[in-house]
Amino acid sequence: MIVMRHTRRQLRGFTLLELGLVLVMVAIALSVASPSMRGWGRGAKMRDAVQQFIATATYARSAAVSRGQPVRLRLDGASYWLEPIEDESFPPGNPLVRIAGEYLNPNRLPTGMTITLTAGGVDGAIEFEPLGRVTPATVQLSASWGETVSIASGAPAEPFRVITEGFR
């Protein structure tokens, strides 16, 4: 008859002390990485808001050209939206191309962010003409955590683009 004996060398595992030390090291690593992850998330919010504004401005230009009527991009601090500008040469209420509903509704910025027209514009708004031209303007997106981004169209024929970045 064969008798199997387990010696201490054959039984392998972790002691409670070893598991505790590993958990402490993981907790320290997470606490070190946590602040940088928070900054990354905030920077992503800012980048998304900037890209959404540029997309809306690009759509406003193409809507003005396709409708053959001017379009206004209105800002109010916490949101922005498009308004068609009726022209006497074009029958009101009978647009050739309608502005998409999602652009007519206010596009609200994430909590803690504001949008302001810092230069240019007409009556607190940016106007896009049927020939593809835009009223030169500078817009600033600011966040309560200290990040700011300036977006501008420096000339009537230029698209909006980021001119100063303040995000990570």
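Two residues are in contact when they have heavy atoms within 4.5 Å of each other. By that yardstick, residues 24 or more positions apart account for 53% of the contacts in this chain with a separation of 6 or more. Before going further, please note that this is a predicted model, in which local features need pLDDT of at least 70 and side-chain atom pairs count only at pLDDT 80 or more, while totals for chains, interfaces and linings use all residues. Residues are numbered from 1 along each chain as its sequence is written, and side-chain values use heavy atoms, with hydrogens and water left out.

**The overall layout**

Let us start with the chain as a whole. It holds 2 helices and 8 strands, where helices (H or I, at least four residues) and strands (E, at least two) are DSSP runs numbered from the N terminus. Along the sequence they follow the pattern α-β-β-α-β-β-β-β-β-β. The chain has 168 residues, and 33% of them count as buried. Here buried means under 20% relative accessible area, exposed means over 50%, and partly exposed lies in between (1.4 Å probe, protein chains only). About 10800 Å² of the chain is exposed, with carbon and sulfur atoms supplying 60% of that area. Accessible areas come from the Shrake-Rupley method with a 1.4 Å probe, and for residues only the protein chains shown count as cover.

**The nonpolar core**

Now for the inside. A nonpolar core is a set of buried Ala, Val, Leu, Ile, Met, Phe, Trp, Tyr and Cys residues joined through side-chain atoms within 4.5 Å. The largest one has 27 residues, of which Phe53, Ile126, Phe128 and Phe160 touch the most other members. At least two residues each come from helix 1, strand 1 (71–75), strand 2 (79–84), strand 4 (113–120), strand 5 (125–128), strand 6 (137–143) and strand 7 (148–153). Helix 1 gives the most, with 9 residues. Leaving out residues up to four places away in sequence, Phe53 touches Leu73, Leu75, Tyr80, Ile115, Ile126, Val139, Ile151 and Phe160.

Val50 also belongs to helix 1, and it is buried, with a relative accessible area of 1%. The C-alpha atoms of Val50 and Leu109 are separated by 9.9 Å, although the two residues are 59 residues apart along the chain.

**A sheet and its charged network**

An open sheet of 4 strands has the order 3-2-1-5, with antiparallel pairing. Two strands pair if DSSP finds at least two bridges between them. Strand 3 (107–108) and strand 5 are the edge strands, each pairing on one side only. Strand 2 and strand 3 run antiparallel and are joined by 2 bridges; Ser79 stands opposite Arg108 in strand 3.

Side chains of opposite charge can pair when their charged atoms come close. A salt bridge is a side-chain nitrogen of Lys or Arg within 4 Å of a carboxyl oxygen of Asp or Glu. A search of the whole structure finds 3 salt bridges, shown here.

| Salt bridge | N to O distance |
|---|---|
| Glu83 and Arg72 | 3.6 Å |
| Arg72 and Glu127 | 2.9 Å |
| Arg74 and Glu83 | 3.5 Å |

Together, Arg72, Arg74, Glu83 and Glu127 are linked in a network of salt bridges. Glu83 lies in strand 2 and Arg72 in strand 1, so this pair ties together parts that are 11 residues apart in sequence. Arg72 is buried, with a relative accessible area of 19%, whereas Glu83 counts as partly exposed at 23% relative accessibility. With Arg72 in strand 1 and Glu127 in strand 5, their pair ties together parts that are 55 residues apart in sequence.

**Out at the surface**

Finally, let us look outward. Val22, Met25, Val26 and Leu30 make a nonpolar surface patch of about 390 Å². Patches are made of residues with over 30% relative accessible area and no salt bridge: like charges are joined within 9 Å, and nonpolar side chains (Val, Leu, Ile, Met, Phe, Trp, Tyr) within 5 Å. Val26 sits in helix 1 (residues 16–67) and is partly exposed, with a relative accessible area of 43%.

Another residue to find is Asp123, in the loop between strand 4 and strand 5. Asp123 is exposed, with a relative accessible area of 69%. Its phi is positive, about 55°, although Asp123 is not a glycine.
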